[in-house]
Amino acid sequence: MSNRRSRQSSSALRISDDQMIDLVSKLCQLLPEIRERRRSDKVSASKVLQETCNYIRKLHREVDNLSDRLSQLLDAVDEDSHEASVIRSLLM
């Protein structure tokens, strides 16, 4: 019985080709690197996923850099000031 249940649950998690195409298309719209290409240029799903990973890494680096800059600003202002309060709220 558990074997049957696991087969049912794994098949329920599979997505159709149409759903995959739709998801890749949505990712293309979100990625600046791909979005800037001509519409006639075909991009493989593999390339889209690779660009997605690269874009996410870039966004993580930007967040880390901004967090570092905010921490530096917080160190440079009076701890009880309004500016320090705003910076702390941005870091949360």
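**Exercise 1. Find which residues L30 is in contact with, leaving aside its neighbours within four places in sequence.**

Solution. Start with the term: contact means heavy atoms within 4.5 Å. With the neighbours within four places in sequence left aside, the partners of L30 are R35 and Y55. Next, place the residue: L30 belongs to helix α2, which spans residues 17–30. (Helices are DSSP runs of H or I with at least four residues, strands are runs of E with at least two, and both are numbered from the N terminus.) Finally, look along the chain: T52 is 22 residues apart from L30, and their C-alpha atoms are separated by 8.7 Å.

A word on the model: it is predicted, so local features need pLDDT of at least 70 and side-chain atom pairs count only at pLDDT 80 or more, while totals for chains, interfaces and linings use all residues. Residues are numbered from 1 along each chain as its sequence is written, and side-chain values use heavy atoms, with hydrogens and water left out.

**Exercise 2. Sort L30, M20 and S81 into buried, partly exposed or exposed.**

Solution. First, the cut-offs: buried is under 20% relative accessible area, exposed is over 50%, and partly exposed is in between (1.4 Å probe, protein chains only). Now take each residue in turn.

- L30 has a relative accessible area of 57%, so it is exposed.
- M20 is at 40%, so it counts as partly exposed.
- S81 is at 15%, so it counts as buried.

To go one step further with S81, find it in the loop between α4 (45–76) and α5 (82–91). A polar atom of its side chain lies 3.2 Å from the backbone nitrogen of A84.

**Exercise 3. Name the residues of the largest nonpolar core, then follow V24 to its contacts.**

Solution. A nonpolar core is a set of buried Ala, Val, Leu, Ile, Met, Phe, Trp, Tyr and Cys residues joined through side-chain atoms within 4.5 Å. The largest one has five residues: V24, C28, L31, I34 and V48. Leaving aside neighbours within four places in sequence, V24 is in contact with A45 and V48.

**Exercise 4. Describe the protein as a whole: how many helices and strands does it have, and what percentage of its residues count as buried?**

Solution. Count the elements: there are five helices and zero strands. From the N terminus on, they run α-α-α-α-α. Then turn to burial: of the 92 residues, 12% count as buried. Last, take the contacts with a separation of 6 or more: residues 24 or more positions apart account for 13% of them.

Terms used
A polar contact is a pair of N or O atoms within 3.5 Å; within protein, one must be able to donate a hydrogen and the other to accept it, and residues adjacent in sequence count only if both atoms are side-chain atoms.
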